[in-house]
Amino acid sequence: MSYPLSSLKVLDFSTLLPGPYATMLLADLGAEVLRIEAPNRHDIVKQMPPYDGGISTAFSYLTRGKSNLELDLKSDASKSRIKELVKEFDIVIEQFRPGVMDRLGIGYDILKTINPKLIYCAITGYGQFGPFKDRAGHDINYLSIAGVSSHCGRLDSGPPPMGIQIADIAGGSHHAVMGILAAVIERQRTKKGKFIDISMTDAAFALNAMSGSSCLAGGQEQRPESTLLNGGSFYDYYLTKDGRWLSVGSLEPKFFNCLCDSLDLQGIKQFSQSQNPEHWKQIKNAIEEKIRSKTLSQWEEVFKHQDACVEPVLTISEAAEHPQIKARGMVISVNRGDGKYQLQIGNPIKYKD
C-alpha cells in the first residue's frame with residue numbers, strides 16, 4: 001500500500017506532546033520526519049514513567065517512524081546544517097515561544113529565503129501575537145482560558161482534570177496537521193510556502209462548537225450540568241451495582257424508546273422529546289435507580305443486541321481488547337529499536353487503495 005504523504009519531508013524541532021504528536025501523525029501517513037534534538041533542551045516526556053527497555057513508553061510512542069539528529073541550536077555549525085537541510089525539506093514544525101527561532105537565526109523569515117516553498121508551522125499556547133503570547137501554559141490552562149473547563153464536570157465538584165490532553169492534541173496537533181496539509185495543497189498552485197500560526201488556546205476555544213454558539217448567538221452562558229450534553233439531561237454516565245459505569249446517549253426517540261423498553265421504564269417514555277429540565281431530572285433519577293440494580297456485565301448482556309446508544313465505560317486495557325478496536329487494528333506492535341516489540345496505539349486514519 002502506498003502512503004499519501006510519502007513525498008513530504010518534515011523537520012521537527014518540537015518536544016513534549018503537541019508537535020511530536022502532529023509529526024507522528026504525518027509520519028504514520030508516510031512523511032519522512034527528522035527530529036532535531038537539542039542536547040541541552042529538557043524534554044519531560046523522556047522522564048515520564050512507565051519505561052519499556054529503559055525508555056519512556058510515551059516517548060517511544062511519540063517518536064515512532066522518525067529519524068533523529070542531535071544539534072545544538074546555538075552553535076553556528078548546527079545553524080548552517082539546518083539551513084542546508086531546509087533546502088531539501090518541505091515542512092518545519094516548532095514549538096518554541098514566539099521569537100525564539102528568530103533569535104537563533106533560523107526563523108521563518110530566514111529559512112524562506114533559502115527555500116521559498118517552505119511550510120513553517122509554529123505551535124504555541126497562545127499564538128504569535130496577543131498579550132499572552134509570551135506566557136507559559138499547559139493543557140489545563142488553555143482549556144481554562146478558552147472557556148471549555150467552565151461547563152465541564154459537576155456543579156458540586158467543579159471542572160475535572162481531563163484524562164487526555166484536549167488542547168494539546170485536539171487543539172494543537174490536529175489543527176497543525178490540518179493547517180499544514182491545506183498549505184501543501186495551496187503550494188501546488190502557488191509554488192510558495194506559508195507560515196502557520198497555531199494557538200492551542202484558539203483551537204480549544206473553537207472546540208466549544210455548539211456550546212459556543214449557544215452562548216455567543218443565543219445568549220446562554222454555559223454551566224456544568226445545565227445542557228442536554230454536559231450532564232444536565234439523562235445523557236450521562238450511570239453507576240452500576242458493582243461500582244462500574246455505563247454510558248447512556250439515547251437522545252433520539254427510537255433510541256430512547258429502546259432504552260426504556262430495555263430498562264422496563266415505560267413511564268418515562270412520555271418525556272422523550274421534552275426540553276423541560278424537571279422532566280430530565282425525572283428521567284435521570286429513574287435510570288440511575290434502575291442501573292444500580294445490576295452489574296456492568298449484566299447490563300452489557302442486556303444491551304448486547306439493542307440499538308440504544310448504551311455502552312460500558314472501559315479501561316484502556318479493556319478497550320484494547322474490545323472487538324471493535326481490535327477489528328480496526330488500533331493496537332499495533334512496533335519495533336522499539338532493539339529487536340523487541342512494543343504495543344502502541346495505531347493510526348486512526350484508514351486508507352484503501
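The following dialogue discusses how to read a sheet, a buried residue, a cavity and a pocket in a predicted model.

Biologist: How should I read the sheet, and in what order do its 6 strands stand?

Modeller: Strands of a sheet pair through backbone hydrogen bonds, either parallel or antiparallel. In this predicted model, 6 strands form an open sheet with parallel pairing, and their order is S5-S2-S1-S6-S7-S8.

Biologist: Which strands stand at the edges?

Modeller: Strand S5 (66-70) and strand S8 (194-199) do; each has a single partner strand, so one side of each is left without a neighbour in the sheet. On average, neighbouring strands of this sheet are turned by 20° against each other, direction ignored.

Biologist: Which helix packs on the sheet, and which strands does it touch?

Modeller: Helix H1 (residues 18-28) touches strand S1 (9-12), S2, S5, strand S6 (91-94) and strand S7 (119-124). The direction of H1 makes about 165° with that of S1.

Biologist: How many bridges join strand S2 to S5?

Modeller: There are 5 bridges between S2 (residues 32-37) and S5, and the two run parallel. Within this pairing, Ile36 stands opposite Leu69 in S5.

Biologist: Glu37 also lies in strand S2. Is Glu37 buried or exposed?

Modeller: Buried means under 20% relative accessible area. Glu37 counts as buried because its relative accessibility is 15%. Leaving aside residues up to four places away in sequence, Glu37 touches Lys46, Asn68, Leu69, Glu70 and Leu71.

Biologist: Turning to enclosed space, how many cavities of 30 Å³ or more are there?

Modeller: The count comes to 1 cavity of 30 Å³ or more. About 60 Å³ of space lies in the largest cavity.

Biologist: What kinds of residue line the largest cavity?

Modeller: The lining divides into 5 nonpolar, 3 polar and 4 charged residues. Among the lining residues are Asp12, Arg35, Asp43 and Lys66, together with Leu16, Val45 and Phe59.

Biologist: How much space lies in the second largest pocket, and which residues are closest to its centre?

Modeller: The second largest pocket holds about 1,100 Å³ of space. It is lined by 32 residues, of which Leu229, Asn230, Gly231, Tyr235 and Tyr237 are the closest to the centre.

Biologist: Which elements supply at least two residues each to that lining?

Modeller: Helix H9 (209-216), strand S9 (236-239) and strand S10 (245-248) each do so. The largest share, 3 residues, comes from H9. By residue type, the lining of the second largest pocket comprises 16 nonpolar, 13 polar and 3 charged residues.

Technical notes. Residues numbered from 1 in each chain as written. Predicted model: local features only at pLDDT ≥ 70, side-chain atom pairs only at ≥ 80, totals over all residues. Heavy atoms only, no water. 1 Å grid on protein atoms, 1.4 Å probe; cavity = no way out; pocket = protein on both sides within 12 Å on 5 of 7 lines; lining within 4 Å. Points joined across faces, edges and corners; volume = space filled by probe spheres on them. Helix = DSSP H or I, 4+ residues; strand = E, 2+ residues; numbered from the N terminus. Nonpolar A, V, L, I, M, F, W, Y, C, P; charged D, E, K, R; others polar. Pairing = 2+ DSSP bridges. Axes fitted to C-alpha atoms, helices over the stretch in contact; angles between N-to-C directions. Contact = heavy atoms within 4.5 Å. Buried < 20%, exposed > 50% of the residue type's maximum accessible area, 1.4 Å probe, protein only.
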